[in-house]
Amino acid sequence: MIFVTGGAGFIGSNFVLDWLAQSDEPVLNFDKLTYAGNLQNLASLQGDARHIFVRGDICDQAQVLALFRQHKPRAVVHFAAESHVDRSIHGPGEFIQTNINGTFSLLEAARAYWSELAETDKAAFRFLHVSTDEVYGTLGPDDAPFSETTPYAPNSPYSASKAASDHLVRSYHHTYGFPTLTTNCSNNYGPYHFPEKLIPLMIANAQAGKALPIYGDGQQIRDWLYVSDHCTAIRRVLADGRLGETYNVGGWNEKANLDVVHTLCDILDTLKPKADGSSYRSQITYVKDRPGHDRRYAIDARKLERELGWKPAETFETGIRKTIQWYLDNPQWVADVQSGAYSKWVETNYNNRGQ
């Protein structure tokens, strides 16, 4: 069995679904079910004995340790995190609590459990920490992409909290010999993505006839990684990654935000044309940039390819088309997640920015 934290969130739920599509090894899915955790993502696993869901908080060390001792996982895959930069600007406290204190609590529980294992089980155990490229800060237009040796320079409360959790994980390996692995990924996109992030927000707003809000000049560049490619990379690192190592996971798809939205609008124009014949591009509006907005992220994923043979299967063009089609095919999922709490958040973040 593997123990997955945050397995009802966007990346975590995709990982659980992919894992059980390719393996009969059970998953204990541990999730607090905050606003972005959604059991509907896992509806296809209803009644599947391989999927055990437990609601809980990674800050509850006693509960986590009790679950470890009861279910005896061979590995922990740690997705649970507050992950939205804008939310971290409005309220950083939750990010400190979950990303730093929660990771510390989880590490302590896992280390206590690991120390009790028989030597063969101890040697086989793994703790894989899923992190972000945002810990590296920002890049200039001509800078080389982030590598695993790029110095940390986080620029938001979110990325600072993830950087702190990365450092904790690293320290547990070097201090205690605890068998850790860390992955730092670029921007994910794909099915089940909560519609506060760029791509799902634009798809939802486009169909609703709402404005498509672009921060600043829209020239912020991100590397885009299709979520199933990320899941494949995590499985490879979990299986064969070198203990104590970090592996960057990227899609080799650097795109400016405005270009992403243009591509998305053009595909929607084809897949779901507007009744009046106009392009969804006409809904694009520019809003005040967010504070401290990093200009460019880019990932050098050659270490992962060189050591473990991983490369992304999707280009941005194939991945974005699959993503848009998924949202068009699942309008009820979108309607269900756009609750009152979500609507209030969008209003707080975007409506007061103006031009």
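**Exercises on salt bridges and nonpolar cores**

R74 counts as partly exposed because its relative accessibility is 35%, where partly exposed lies between buried (under 20% relative accessible area) and exposed (over 50%), with a 1.4 Å probe and protein chains only. The model is predicted, and local features need pLDDT of at least 70, side-chain atom pairs count only at pLDDT 80 or more, while totals for chains, interfaces and linings use all residues. Residues are numbered from 1 along each chain as its sequence is written, and side-chain values use heavy atoms, with hydrogens and water left out.

**Exercise A.** Determine which parts of the chain the salt bridge of E25 and R74 ties together.

*Solution.* First, apply the criterion: a side-chain nitrogen of Lys or Arg within 4 Å of a carboxyl oxygen of Asp or Glu. The side chains of E25 and R74 satisfy this with an N to O distance of 2.6 Å. Next, locate the partners on the DSSP runs, numbered from the N terminus (helices: H or I, at least four residues; strands: E, at least two). E25 is in the loop between α1 (10–22) and β2 (27–31) and R74 in the loop between α2 (61–71) and β4 (75–78), so the bridge links parts 49 residues apart in sequence. Finally, E25 is classed as buried because its relative accessibility is 18%.

**Exercise B.** Locate K255 and E317 in the secondary structure and classify their exposure.

*Solution.* The two side chains form a salt bridge at 3.3 Å, N to O. K255 belongs to strand β11 (residues 254–256) and E317 to helix α11 (residues 316–329), so parts 62 residues apart in sequence are tied together. K255, at 24% relative accessibility, is partly exposed; E317, at 46%, is partly exposed.

**Exercise C.** State whether E314 and K322 are buried or partly exposed, and identify the salt-bridge network.

*Solution.* The closest N and O atoms of E314 and K322 are 2.5 Å apart, giving a salt bridge. E314 is buried at 14% relative accessibility, whereas K322 is partly exposed at 43%. Through shared partners, salt bridges connect R242, E245, K303 and E307 into one network. The count of salt bridges is 16.

**Exercise D.** Describe the nonpolar cores and the contacts of I199.

*Solution.* A nonpolar core is a set of buried Ala, Val, Leu, Ile, Met, Phe, Trp, Tyr and Cys residues joined through side-chain atoms within 4.5 Å. The largest holds 65 residues, of which F15, V77 and I199 touch the most other members. Leaving aside residues up to four places away in sequence, I199 contacts (heavy atoms within 4.5 Å) Y189, W224, V260, L264, F316, I320 and T323. Another core, of 24 residues, lies apart from the largest one and includes I58, A109, F127 and V169.
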